Amino acid sequence: MKVFVDATKCSGYGACAELAPNLFELDEWGYAAVIGDGVPSDEAAARRAAAACPELAITIEE
Amino acid sequence: MVTTATQHRLLTPGPLDLAAELERGAYSPPACDDVIAELEAAGLRGRGGAGFPASVKWRTVADASGPRVVVANGEEGEPSSRKDRWLLLNRPHLVLDGLLLAARTIGADRAVVYLSHEETVTAMREAIAELPVPGLVPEVHVVEPTYVAGEETAACRSISGGPALPTARPPRVCDSGVDGRPTLVSNVETLAHAAWISRNGAAAYRESGTAGSPGTTLVTLTGACAAPGVYEVPFGLTVAELFEVAGGFTGAPAGFVMGGWFGGLLGPAHASTVCTYEAVRAAGSGFGCGAITALAPGTDPLTVAAEITAWYAAESAQQCGACLKGTAAIRDAFAALRDGTASDTDRHNLERWGRTLPGRGACAFLDGAAGWARTVHDEFPDHFGR
């Protein structure tokens, strides 16, 4: 599994970093990016984060 | 191994018309059986700025299923580069030969020349009108000149009828580009070299350049030199040797704006840096599209950084929050450094943004602005700390 954030859609809600703090980090303005190569250690948390994003900015490639 | 014999392959004293190009072998069948294998053996790397192996891109699209598209990217949004325009105006049939070669090789049934400068549009339309071969006729697609319009996802989006703005990856354009079809987007100089390789072979291509950066390249040399302009050089010369081709420095340069405005600012000691993709990257910058500006003696690097990062902030497509905020923050911090009003927090922030912001936008535009923070911090510590 690999996770991507569409930076054009991210509006800085920050839900992803709350739900999967090992996979997403926020910059100082609150915009999200994946940590490292985007391969999650906790796939369930990655799915929860993708589902919680109000902008549907998170893509999961199985 | 560096060969300095500068037998020009692309550069000519003036424009070549169709008859002259036909004499040089344009539009004749390739001399090699397997074009992609020949590009791989030649080690041709993309000349739009990324330096990605051309054979890998071509093969990925050739292996894709369904109708395919090839795009010759001549948008040249890099402010200090002129080499693509030179090629389109003076060797339009060499570019078209490369484009049609790519279309045949990857099995594309649609070929597009992607342009933004009026004179190149005229030149390419005239060349297409006199194409001496039957079959696929390339289209010309014109966009407003902006920096990000030249990015490959922006090109595909524009040709598909949308705005010339980048999109997030995935999908990559080789999987889903123009109208969702697998698309090869190739810089016009890359296509010109591909045409040359198909006629002359990989071994001849490797007679210039180095093992890792083989062949010759067009460069745009500007700033403190006697004869600024577009030149063709083998990879492997030092920055100073490159500028010798442009009449030499007019004074000891204060630094070098590398790789267009995308590679940040290197210090004067980099006159001895070797111009290959690997060596310029190891120096903390990037060879990019081969545009190098030598700063005149006495130029304040912070003034240059403030001007160019202000341009970045103004030119951001403002699609990505991190780019909108990040380019503005870098601009403001450099303006404060230039004006002598910077705090330690400004310096600390710049140093951090240089490390943390690359990769955070949908395209690499933000990486370019962050590169200015990183290189000015690393290369000009005395100025940075003043």
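**Exercise 1.** Over residues 40-193 of chain B, what percentages of the chain are helix and strand, and how far apart are the end C-alpha atoms?

*Solution.* The model is a predicted one. Begin with the source of the range: residues 40-193 of chain B carry the UniProt annotation "domain: NADH-ubiquinone oxidoreductase 51kDa subunit FMN-binding", from an unreviewed entry. Within this range the chain is 40% helix and 16% strand. The C-alpha atoms at the two ends are 13 Å apart.

**Exercise 2.** Treat the range 219-254 of chain B in the same way.

*Solution.* In an unreviewed entry, UniProt lists these residues as "domain: Soluble ligand binding". Here helix accounts for 19% of the chain and strand for 31%. The end C-alpha atoms lie 20 Å from each other.

**Exercise 3.** Describe the surroundings of strand β2 (residues 108-115) of chain B, beginning with its burial.

*Solution.* Step 1, burial: 6 of the 8 residues of β2(B) are buried, and the strand is mostly covered.

Step 2, pairing with β1: strand β1 (residues 68-74) of chain B runs parallel to β2(B), with 7 bridges between them. Within β2(B), the residue opposite Val71(B) is Val112(B).

Step 3, pairing with β3: β2(B) is also parallel to strand β3 (residues 139-142) of chain B, to which 4 bridges join it. Leu115(B) has Val142(B), in β3(B), as its bridge partner.

Step 4, the connection: helix α6 (residues 118-129) of chain B combines with β2(B) and β3(B) in a β-α-β unit, which is right-handed.

**Exercise 4.** Which residues have the most contacts inside the largest nonpolar core? Follow one of them through its contacts.

*Solution.* Step 1, the general expectation: nonpolar side chains tend to be buried together in soluble globular proteins.

Step 2, the core: the largest one has 139 residues, and the most contacts inside it belong to Ala49(A), Val70(B), Val71(B), Val95(B), Leu99(B), Ala102(B) and Ile292(B). Helix α5 (residues 92-106) of chain B supplies the largest share of this core, 9 residues.

Step 3, a single residue: neighbours within four places in sequence are set aside for Val70(B). Its contacts are then Leu99(B), Ala102(B), Ala103(B), Ile106(B), Ala108(B), Ala111(B) and Leu184(B).

**Exercise 5.** How does the radius of gyration of chain B agree with that of a compact globule? Add the other overall values of the chain.

*Solution.* Step 1, elements: chain B contains 16 helices and 9 strands.

Step 2, compactness: a compact globule of 386 residues would have a radius of gyration near 21 Å, and the value for chain B is 21 Å, so the two agree.

Step 3, extent: the C-alpha trace of chain B spans about 65 × 45 × 35 Å along its principal axes.

Step 4, interior: 56% of the 386 residues in chain B are buried. Of the contacts in chain B between residues at least 6 apart in sequence, 70% join residues at least 24 apart.

**Exercise 6.** In what order do the elements of chain A run? Assess its compactness as well.

*Solution.* Step 1, elements: chain A has 2 helices and 4 strands, and their order from the N terminus is β-α-β-β-α-β.

Step 2, compactness: the globule rule gives 11 Å for 62 residues and the radius of gyration of chain A is 10 Å, close to that value, so chain A is as compact as a globular protein of that length.

Step 3, extent: the principal axes of the C-alpha trace of chain A span about 25 × 20 × 15 Å.

Step 4, interior: 35% of the 62 residues of chain A count as buried. Among its contacts with a separation of 6 or more, 57% are between residues 24 or more positions apart.

Note on methods: Residues numbered from 1 in each chain as written. Chains lettered and ligands numbered in written order. Predicted model: local features only at pLDDT ≥ 70, side-chain atom pairs only at ≥ 80, totals over all residues. UniProt positions renumbered as here; feature names shortened; annotations may be inferred. Buried ≥ 20, exposed ≤ 12 C-beta atoms within 10 Å, placed from the backbone. Pairing = 2+ DSSP bridges. Right-handed = clockwise from strand over helix to strand, strands pointing away. Core = buried A, V, L, I, M, F, W, Y, C linked by C-beta atoms within 7 Å. Contact = placed C-beta atoms within 7 Å. Rg over C-alpha atoms; globule rule 2.2 N^0.38 Å.
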